[in-house]
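Please open the model in your viewer and keep the sequence panel beside it, since this tour moves from one selection to the next. At each stop, select what is named and then read what is there.

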Amino acid sequence: MDFSTVRWEEIGKASIETLQILGASGLFTIIIGLPLGVLLFMTSRSASIQSRTIYTVLSIIVNILRSVPFIILIVALIPFTRSLVGTATGVLGVIPPLVIAAAPYFARLVETTLREVDRGVIEAAQAMGASTGQIVRRVLLPEALPGLLAGITITIVTLVSYTAMAGMVGGGGLGTLAINYGYFRYQYEIMIISVAFMVILVQVLQMFGDQLVKLFTRK
């Protein structure tokens, strides 16, 4: 392998694309997944038939989306993605399927984290006359913040691997670079560098997330 022939400008461009994909898809995943997870938690605790029905329907949808392999999901969503953002390839084309795949996953993490909040704290807030919205904003989310930050970290790290799989269908970023050059053109040095960059990215994201969790964990 000859690393002197590596086109570092292509590596730099692909790295920037990967960060753009992670930033956009991570943001929309949180925006959609967090309220969805809260809704799953709140409806699962309710005894009313309406709430239980909502929970059952949402739970089935979430489970279906989580069970479909991402590489299949991204291909199946090509018509939807093209109609939504005008393309099914590149940075824009990979964001919708990433969000659709990751948001249900994050929602389940949110639901699980909220279940670990001390019920006594919730009951105390209810006894003080707090509304459902106040309980969510002032009790549930603050109490579960370290767990939520850990869930966000796990989700974004998972998105890194998803971006690599998106490279099979021209999703952009380091995954596409590794496949187009490292696999189809047998330039294995580019594949090695791309993998190394993704490993470093995952390590940085995980370390940053762990530090945030420690910062907001109550002693």
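Before the first selection, one term is needed: a salt bridge is counted where a side-chain nitrogen of Lys or Arg lies within 4 Å of a carboxyl oxygen of Asp or Glu. Please also keep in mind that this is a predicted model.

**The whole chain**

Begin with the protein chain in a cartoon view, where the secondary structure comes to 10 helices and zero strands. Followed from the N terminus on, the elements run α-α-α-α-α-α-α-α-α-α. If you turn the chain along its principal axes, the C-alpha trace spans about 70 × 45 × 25 Å.

Now switch to a surface view, in which the protein chain exposes about 11,900 Å², with carbon and sulfur atoms supplying 67% of that area. Of the 219 residues in the chain, 42% are buried. Among the contacts between residues at least 6 apart in sequence, 75% join residues that are at least 24 apart. If you colour by charge, you will find 15 positive and 11 negative side chains, and the centres of these two sets lie 10 Å apart.

**Helix H5 and its salt bridges**

Select helix H5, residues 90-115, and show the side chains of Arg108 and Glu111, which both lie in this helix, three residues apart, or about one turn. How many salt bridges does the structure hold? There are two, and both can be seen at this stop. In one of them, the side chains of Arg108 and Glu111 meet with N and O 2.7 Å apart.

Add Arg115 to the selection to see the other, where Arg115 forms a salt bridge with Glu111 and the closest N and O atoms are 2.7 Å apart. Both distances can be compared with the cut-off given at the start, which is 4 Å. Arg115 and Glu111 are separated by about one helical turn, because they are four residues apart in helix H5. Salt bridges that share partners thus join Arg108, Glu111 and Arg115 into one network. In general, side chains of opposite charge can pair when their charged atoms come close.

Is Glu111 buried or exposed? Glu111 has a relative accessible area of 3%, so it is buried, and Arg108 is buried as well. Arg115, by contrast, counts as partly exposed because its relative accessibility is 46%.

**Thr81 in helix H4**

Move next to helix H4, residues 78-85, and select Thr81. Because its relative accessibility is 1%, Thr81 counts as buried. To see what surrounds this residue, show its contacts: leaving aside residues up to four places away in sequence, Thr81 touches Gly86, Thr87, Ala88, Gly93, Pro96 and Pro97.

**Ile71 in helix H3**

Select Ile71, whose place is in helix H3, residues 70-76. With a relative accessibility of 31%, Ile71 counts as partly exposed. Which residues does Ile71 touch, if those up to four places away in sequence are not counted? They are Met165 and Met168. You can also draw a line from the C-alpha atom of Ile71 to that of Val169, because this pair shows what the fold does to sequence distance: the two residues are 98 residues apart along the chain, yet their C-alpha atoms are separated by 8.6 Å.

**Gln134 in helix H7**

Go on to Gln134, found in helix H7, residues 132-143, and note that it counts as partly exposed, at 27% relative accessibility. Not counting residues up to four places away in sequence, Gln134 touches Gly129 and Val139. Gln134 and Thr163 are 29 residues apart in sequence and 37 Å apart in space, C-alpha to C-alpha.

**Leu212 in helix H10**

Select Leu212 in helix H10, residues 188-216. This residue counts as partly exposed, at 26% relative accessibility. From its C-alpha atom to that of Arg115 the separation is 21 Å, and the two are 97 residues apart along the chain.

**A nonpolar patch**

For the last stop, return to the surface view and select Leu27, Phe28, Ile31 and Ile32, which make a nonpolar surface patch of about 380 Å². Ile32 lies in helix H1, residues 8-45, and is partly exposed, with a relative accessible area of 41%.

Technical notes:
Residues numbered from 1 in each chain as written. Predicted model: local features only at pLDDT ≥ 70, side-chain atom pairs only at ≥ 80, totals over all residues. Heavy atoms only, no water. Patch = residues over 30% accessible without salt bridge, like charges linked within 9 Å, V, L, I, M, F, W, Y side chains within 5 Å. Areas by Shrake-Rupley, 256 points an atom, 1.4 Å probe, with all protein chains shown as cover. Helix = DSSP H or I, 4+ residues; strand = E, 2+ residues; numbered from the N terminus. Buried < 20%, exposed > 50% of the residue type's maximum accessible area, 1.4 Å probe, protein only. Contact = heavy atoms within 4.5 Å. Lys, Arg positive; Asp, Glu negative; His and termini not counted. Charge placed at Lys NZ, Arg CZ, Asp CG, Glu CD.
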